[in-house]
Amino acid sequence: MNKKRLQLGMIGCGVVGTAVANLVSDSTLNSFNEIVDLKSILVKNPTKERTNLLMTQNFVSDINKIVEDDEITIVIELMGGENPAFDYISRCLKSGKHVITANKEVISKKGSELVSIAKHAGRELKYEASVGGGIPILSSLSNDFSANPIQGIRAIINGTTNYILTRMDNEESSFEDVLKDAQNLGYAESDPSDDIEGTDAVYKLSILTRLAFDVAPTTSDIHKEGINGIKQKEFRYSRELGFTIKLIASAQKRSDKLLLRVHPALIPKEIPMANVNGAFNMVEIDGGLTGPLWFQGAGAGPNPTASAVLSDLMSILEGRNRIDQTIVNNHTELLQLAPMDDYRCRYYLRVTVNDKAGVLAAIATILGERDISILSVLQKDTDSKLKHADLVIMTHESKEKNMKAAVSEIKALLDVINLDSLLRVEEYS
Ligand code: HSE
């Protein structure tokens with residue numbers, strides 16, 4: 001360990017920033033303050049009272065106070081978002097500072113550019129905290145899987161949606177009610193759209209994909225569906241069928257093709273991923289040589305995220321230099337991205353129909369014509385007044401392209417009141 005005192009700069013001081021500032025400044029928590037000083041913190045309002053900070057800090061409101069301070073050699077960026085974070089990180093790297101960030105959006109959208117700026121400047125860019133909070137997943141991928149041609153990554157990687165789905169399953173509450181609670185508890189942002197629409201999971205999946213497969217997908221390369229359309233009924237019927245529902249992020253290799261997707265999926269109850277509850281995350285890596293390995297833990301929160309930030313700080317202080325010199329990519333072939341239309345899985349379909357003769361037969365005919373074989377059918381919640389019923393259809397493994405075409409034909413049938421839900425079943429070998 002280099003014992004010379006180093007000066008740190010920090011950009012942003014929200015809940016994670018506060019945890020990091022306390023951990024590096026307060027000698028009662030650990031020994032960081034024997035080797036580093038947190039010299040300046042960039043915030044919008046330097047005079048705002050911050051009662052959660054254990055030590056007095058020097059706040060600045062001008063990024064130049066950090067970029068142009070030659071004593072500061074390492075900057076921790078915790079402001080989030082693409083801009084101005086991209087500008088601030090680039091300027092810090094170009095002015096000779098190492099940068100540590102927890103910012104998934106900027107690493108997902110501008111990671112390759114920032115890595116090249118860092119390499120050009122001979123400085124390090126570290127971002128362990130951008131994926132999976134306290135789970136040391138990026139360093140494991142970069143270091144410990146280096147002998148493996150990675151075959152697949154599958155993850156529950158957004159704590160907010162996992163909290164919402166868990167409570168919807170356990171308590172039969174509606175999406176809207178649980179989302180309100182998640183916001184009150186501080187899990188979901190006041191604008192939670194990035195979480196519930198799957199965008200946050202897309203950012204994290206793209207970061208994992210770049211490290212594991214040396215493919216840098218744009219956000220639009222990843223098929224994305226969020227959890228906002230999910231109804232309480234889906235949990236009830238899925239449970240009866242032996243499943244729960246999770247938001248899954250997956251990068252799956254099949255020969256020289258890589259399929260990237262984020263969407264809610266039915267998970268068999270007996271699979272460990274089905275039992276990852278609340279705000280927890282799980283990342284499954286199939287290393288090829290290792291077989292599937294599961295990493296589970298707190299995917300967000302001030303202390304877990306600060307742990308990832310500080311482990312990056314330690315690796316810079318110790319001169320370890322792994323992430324990004326070590327894209328795992330043990331594949332001999334160049335991987336191409338496969339379209340979602342090529343995906344194959346079993347499907348869960350719920351339709352509200354007029355409860356009369358020939359309706360099920362008409363739906364079955366459409367599915368049959370598209371080579372989609374029915375595995376089971378349940379008729380549920382028949383409303384004798386309206387003469388409506390729910391049909392819950394499970395299919396055998398079928399092709400996404402065929403299912404999409406069948407769904408639009410089913411929707412057009414006169415006796416189909418509504419196609420309420422189409423969910424994929426996640427397949428585990
Ligand atoms: N909004 C994120 C989540 C926080 O819910 O997982 C951690 O990136």
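Start with two centres: those of domain 1 and domain 2 lie 28 Å apart, taken over C-alpha atoms. Keep in mind that this is a predicted model.

**Colour by domain.** The domain assignment splits the chain into three parts. Select 6-126 for domain 1. Domain 2 takes two selections, 137-299 and 321-337. Finish with 342-425, which is domain 3.

**Go to the parallel sheet.** Show strands β1 to β6. They form an open, six-stranded sheet with parallel pairing. Read across it in the order β3-β2-β1-β4-β5-β6. The edges are β3 (59-60) and β6 (125-126), and each of these pairs on one side only.

Now select residues 6-11 and 72-77, strands β1 and β4. Five bridges link this parallel pair. For one point of register, pick Gln7: opposite, in β4, stands Ile72.

**Add helix α1.** Select 15-25. This helix lies across β1, β2 (36-42) and β4. Against β2, α1 runs at about 155 degrees.

**Follow β4 into the loop.** Zoom in on Asn83 and Pro84. The peptide bond between Asn83 and Pro84 is cis, with omega of about 5 degrees. Pro84 sits in the loop that leads from β4 to α3 (85-94).

**Cross to Ser255.** Select this residue in the loop between β9 and β10. Check its backbone: phi is positive, about 45 degrees, although Ser255 is not a glycine.

**Open the second largest pocket.** Its volume is about 620 Å³. Which residues should you select to find its centre? Take Arg154, Gln252, Arg254, Arg261 and Glu427, the closest to the centre among the 27 lining residues.

Next, display the strands around the pocket. β7 (152-156), β9 (243-254), β10 (257-268), β11 (280-286) and β12 (292-298) each supply at least two lining residues. Which strand gives the most to this lining? It is β9, with five residues.

Switch to colouring by residue class. The lining of this pocket has twelve charged, ten nonpolar and five polar residues.

Last, return to the domain colours. Domain 2 and domain 3 each contribute at least three residues to the lining of the second largest pocket. Keep 137-299, 321-337 and 342-425 on screen to view both contributors.

Note on methods: Residues are numbered from 1 along each chain as its sequence is written. This is a predicted model: local features need pLDDT of at least 70, side-chain atom pairs count only at pLDDT 80 or more; totals for chains, interfaces and linings use all residues. Side-chain values use heavy atoms; hydrogens and water are left out. On a 1 Å grid over the protein atoms alone, a cavity is a set of points where a 1.4 Å probe fits but cannot get out, and a pocket is an open set with protein on both sides within 12 Å along at least five of seven lines; lining residues have an atom within 4 Å of a point. Grid points are joined across faces, edges and corners, and a volume is the space filled by probe spheres set on the points. Helices (H or I, at least four residues) and strands (E, at least two) are DSSP runs, numbered from the N terminus. Ala, Val, Leu, Ile, Met, Phe, Trp, Tyr, Cys and Pro count as nonpolar, Asp, Glu, Lys and Arg as charged, and the others, Gly among them, as polar. Domain bounds come from an automatic or database domain assignment. Two strands pair if DSSP finds at least two bridges between them. Contact means heavy atoms within 4.5 Å. Axes are lines fitted to C-alpha atoms, for helices over the stretch in contact, and angles run from 0 to 180 degrees between N-to-C directions.
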